[in-house]
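Open the model in your viewer and keep the sequence panel beside it. The tour below goes from one selection to the next and says what is found at each stop.

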Amino acid sequence: MGSLYQFQTANHIISGKDSIKQISDHLNILNIEIRNILMIAQPSMIKHGFVDHIQQQLEKENIKADINTDILPEPTANNINEVFQSISANEYDALIGIGGGSVLDATKILSIMFTNAGSIEDKLGTDLVKNKGIPTVLIPSTAGTGSEVTPNAIVTLPDEELKIGMVSKYLLPNLVILDPVLTLSLPKHITAATGMDAFTHAFESFISNKANLISDMFALESIRLISDSIVEAYENGSNIEAREKMLVGSMYGGMALTSAGTAAVHALAYPLGGKFNISHGVANSMLLPHVTEFNLDSIRNKMHAVADAMKMDTANLSEDEVARAVIDKIREWTEVLEIPQNLKSYGVSESHLKEISIAASKVTRLLNNNPKEMSLRDIEEVYRKLLEE
């Protein structure tokens, strides 16, 4: 644990059932005059009536709200650029992002595009954004990415077959609204994938080289909330208590990674998403047991705290047995949640391993956080195990 660490997150967070029903009041927190707003929305949010409900509230306050639903799942830089070109002639006082992680990430990027010249590609990396964007309000509809409280946004670059992060304090939103009602309609497979993504954020933050007293607090509470509710949310999606625990647990995972960062699981997941379009949560779920096993001799002393947060019975178990039990529990979840575990089902073959291993090895921002150094051969071996599952 280093002696110097920092923490930053959204300016203001409001959480609770039906919290979007008072959105016009919540906007007062921004302390600015608002007459024109753009809502970047996931189409399902229109389908279920949430966007119309927000728009009606805003109209009562004489606030004009435009709506854009053109952000794609796992958005590319070109996709976000095209959306910006379609909206850039308008003057907006704030942006509202309502949807999953892709929509939230895109909303943050669009915010700074209004105030920063140059391309998206110029800003990929850490602290390359020069000016703060226009104010943002983020309303997540999935319990997974934690994007609503992080200074990160992920962009797909198809030509490079890779996903790359943009990291800047100017991506942090001004207001976050967590309403578990928005997650009640999530399909089971999305509940599973996003939930495991959130768990991976918390787990990797806890074992990260940059883990600290602040990140540990959020990581362990995230692990506790998600462990207590992920199977119930998957099997009984109408359980509002489980949905709220997942949503808050996801947020805590985002707060943990903001301070400590994720590690090798995420680094290896990026090429799988960029080249084979494997969703981020599924890729993380596949990789987590194998990367954890690789890291075991460097993190064994931390696994008892993880097991305790997962409410596992570890009485009379050795340190090694506790660590193995945690890995077994994660594998059990992926089976219960019906998350695929073999890369072959996504078209990955032995011939692809060298290429994706090289791509993953370039994600040094995350690999440097891993508690155990991974060589190119180590990375390739982890991928190979996912061809043998």
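A residue counts as buried when its relative accessible area is under 20%, as exposed when that area is over 50%, and as partly exposed in between. Asparagine 369, with a relative accessible area of 5%, is therefore buried. The model is a predicted one.

**Whole chain**

Start with everything shown as a cartoon. The secondary structure comes to 15 helices and nine strands. The C-alpha trace spans about 65 × 45 × 40 Å along its principal axes. The radius of gyration is 20 Å, which agrees with the value near 21 Å for a compact globule of 389 residues. Colour by burial next: 58% of the 389 residues are buried. If contacts are drawn between residues at least 6 apart in sequence, 78% of them join residues at least 24 apart.

**Asparagine 369**

Select asparagine 369 and the elements on either side. Asparagine 369 sits in the loop between helix 14 (364–367) and helix 15 (376–388). Which residues is asparagine 369 in contact with, leaving aside its neighbours within four places in sequence? They are Ser208, Asn209 and Lys210, together with Ala260, Gly261, Thr262 and Ala263. Asparagine 369 is a loop residue, and it is buried.

**The largest nonpolar core**

Now show side chains for the largest nonpolar core, which has 78 residues. The members that touch the most other members are Phe199, Phe203, Leu268, Leu287, Val326, Leu343 and Tyr383. Centre the view on leucine 268. Not counting residues up to four places away in sequence, leucine 268 touches Leu287, Val291, Ala360, Leu367, Met374, Ile379, Val382 and Tyr383. Two of these partners, Leu287 and Tyr383, are also on the list of core members with the most contacts to other members.

**The largest cavity**

Turn on a cavity display. There is one cavity of 30 Å³ or more, and the largest cavity has a volume of about 50 Å³. To see its walls, select Ala143, Leu186, Thr191, Thr194, Gly195, Ala233, Arg243 and Met246. Which helix gives the most to this lining? Helix 6 does, with three residues. Helix 6 (188–207) and helix 8 (240–260) each supply at least two residues of the lining. By class, the lining divides into four nonpolar residues, three polar and one charged.

**The second largest pocket**

Move on to the second largest pocket, which holds about 230 Å³ of space. Its lining has 14 residues, and those closest to the pocket centre are Asn11, Lys132, Gly133, Leu172 and Asn174. Colour the lining by class: six residues are nonpolar, five polar and three charged.

**Methionine 39 and threonine 107**

Select methionine 39, in strand 2 (residues 36–41). Is methionine 39 buried or exposed? Its relative accessible area is 0%, so methionine 39 is buried. Measure across to isoleucine 96 in the viewer: the C-alpha atoms of methionine 39 and isoleucine 96 are separated by 4.6 Å, although the two residues are 57 apart along the chain. Beyond its neighbours within four places in sequence, methionine 39 is in contact with Val51, Ile54, Gln55, Ala65, Asp66, Ile67, Asn68 and Ile96.

From Ile96, go to threonine 107, since Ile96 is one of its contacts as well. Threonine 107 belongs to helix 5 (residues 101–113). With a relative accessible area of 0%, threonine 107 is buried. Its contacts, again leaving aside neighbours within four places in sequence, are Ile40, Leu95, Ile96, Gly97, Thr136 and Leu138.

**Two positive phi angles**

Finish with two loop residues. Asparagine 31 lies in the loop between helix 1 (23–26) and strand 2. Its phi is positive, about 60 degrees, although asparagine 31 is not a glycine. Its relative accessible area is 71%, so asparagine 31 is exposed.

Glutamate 74 is in the loop between strand 3 (64–68) and helix 4 (77–87). Glutamate 74 is not a glycine either, and its phi is positive at about 50 degrees. At 32% relative accessibility, glutamate 74 counts as partly exposed.

Definitions and conventions:
Residues are numbered from 1 along each chain as its sequence is written. This is a predicted model: local features need pLDDT of at least 70, side-chain atom pairs count only at pLDDT 80 or more; totals for chains, interfaces and linings use all residues. Side-chain values use heavy atoms; hydrogens and water are left out. A nonpolar core is a set of buried Ala, Val, Leu, Ile, Met, Phe, Trp, Tyr and Cys residues joined through side-chain atoms within 4.5 Å. Buried means under 20% relative accessible area, exposed over 50%, partly exposed in between (1.4 Å probe, protein chains only). Contact means heavy atoms within 4.5 Å. On a 1 Å grid over the protein atoms alone, a cavity is a set of points where a 1.4 Å probe fits but cannot get out, and a pocket is an open set with protein on both sides within 12 Å along at least five of seven lines; lining residues have an atom within 4 Å of a point. Grid points are joined across faces, edges and corners, and a volume is the space filled by probe spheres set on the points. Ala, Val, Leu, Ile, Met, Phe, Trp, Tyr, Cys and Pro count as nonpolar, Asp, Glu, Lys and Arg as charged, and the others, Gly among them, as polar. Helices (H or I, at least four residues) and strands (E, at least two) are DSSP runs, numbered from the N terminus. The radius of gyration is taken over C-alpha atoms; the globule rule is 2.2 Å times the number of residues to the power 0.38.
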